[in-house]
Amino acid sequence: MSCRFSLSLLTLALGAVGSTAMAAPYAFEARQEAMGGTGVASARYLSAPLYNPARLAFAKADDQVGLLLPVVGAEVYDKDDLSGQVDDLSDSYDDYTAYASNPGADPAVVQQKSDQLVGQLTDLSGDSGYARAGAGMVVAIPFEALSVAVMANGYADLQAFADINANDLTGQLPTDESQVQSRAIAMGAGVSEFGVTLAKAFESDGVHWSVGVTPKAQKLQVINYVASAVDSDFDDITDDEYQESENGFNLDAGVAASWDNGWDAGLAIKNLVKRDLDAPLTNGVQATYELSTVPTAGVSYRWGQLLFNADADLLAQKRFTDLSGTYASFDAGEDDLQMMALGAEWDLWQWAQLRAGYRHDLKDNLDDALSAGLGISPGDL
């Protein structure tokens, strides 16, 4: 029995996404992420459980046992330096309260320090940042009768923003922290899952077809961290009081087709069971997260050593569907995502692969992004 091993490292991304919303990918597999996140019609058998379970059945004749480990990725975007501004505000407020509590404090200096704080709060208004991360692994055994894979995967996204109360921007700021109404808020969701992918290939009228499913145990976790803008620490978001979780089962399904002329097509449906989970009510702020069902169609074309592919979500990913209790008004639809992506790969004699991709949000809640990557596979290893 021959063994093929693939090591997926961090994707090298060129370009950044500039929006408070962010894509919540189902995986960070290096090859597909470098091609804009496409994979429904181009994923290899090892990464198929993460993109389209039906692709598991499209293994080569010598692909008998495969291990994809690790699948790891992370992305942080803080264009407004929100975390730095919050830290600076907290330090300034400590200095302000320490001076103002001194019986001999000069009222003019107290007002000056208060005005400085109000300026910092004003600068924070509307600022935001995000982070996302994921990790996973796949063990695949493709057989002609029935291909099988075991996958473990986890992904999370977090977005933070400042919720400024207009009352704090007028007059002298209170020295009692509990009377400062402006807040720093961080919300996010994480999904961890373990599943078994089953895929079967067959032929009909000269077309190679395959169907696949991935039943999986799934844990959904939602975070709602709300703290005073003058005394917040985003490191505390992992505390149990800010989290709610729920276990359940879900199902991915897919179909794929391949033609001898180089064309491939696929349809993958992630999370056939829609799930909703309320985040903890924190300081009057409530949010509901939806793990929505997302069908994605893809097509790819191989011409010699070149591969071109495209994916498009047929429905939007909802994410947070309800947010209440904030001072600023937020539209629940502002974090909906419906991605379209293009990707290309140039295989250099099966020793190295150059990859590039482009991603666009059809809901215009996420800025366009470019990606690129380099694969190394000496002797097609």
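**Rings, charges and unusual backbone angles**

The charged end of R183 is placed over the ring of Y327, at 4.2 Å from the ring's centre. This is a predicted model, so it makes sense to read every contact described here as a feature of that prediction. A second contact of this kind involves K113, whose charged end sits over the ring of Y99, 5.7 Å from its centre.

Let us turn from charges over rings to rings beside rings. The structure holds four aromatic pairs, and two of them are worth a visit here. In one of these, W263 and Y301 come together with 4.8 Å from centre to centre and 40° between their planes, a tilted arrangement. The angle explains the label: a pair is called tilted because its planes are neither under 30 degrees apart, which would be stacked, nor over 60, which would be edge-to-face. W263 belongs to strand β8 (residues 263-270) and Y301 to strand β11 (residues 294-303), so this pair ties together parts that are 38 residues apart in sequence. How open are these two residues to the surroundings? W263 has 40% relative accessibility and therefore counts as partly exposed. Y301 also counts as partly exposed, at 26% relative accessibility.

Now look at the pair formed by Y289 and F320. Here the ring centres are 5.1 Å apart and the planes meet at 80°, so the pair is edge-to-face. It too links distant parts of the chain, with Y289 in strand β10 (residues 286-291) and F320 in strand β13 (residues 319-324), 31 residues apart. Are these rings' residues buried or exposed? Y289 counts as buried, at 3% relative accessibility, and F320 is buried as well, with a relative accessible area of 7%.

The backbone deserves a look of its own. Most residues other than glycine have a negative phi, and most peptide bonds are trans. Against that background, follow the chain to L69 and P70, which are joined by a cis peptide bond with omega of about -5°. P70 is found in strand β2 (residues 65-77).

Where do positive phi values turn up outside glycine? One place is N271, with a phi of about 55°. N271 lies in the loop between β8 and β9 (275-278), and at 0% relative accessibility this asparagine counts as buried. Another is N283, where phi is near 50°; N283 is found in the loop between β9 and β10.

Conventions: Residues numbered from 1 in each chain as written. Predicted model: local features only at pLDDT ≥ 70, side-chain atom pairs only at ≥ 80, totals over all residues. Heavy atoms only, no water. Phe/Tyr/Trp six-rings, centres within 6.5 Å; stacked < 30°, edge-to-face > 60°. Helix = DSSP H or I, 4+ residues; strand = E, 2+ residues; numbered from the N terminus. Buried < 20%, exposed > 50% of the residue type's maximum accessible area, 1.4 Å probe, protein only. Lys NZ or Arg CZ within 6 Å of the ring centre and 35° of its normal.
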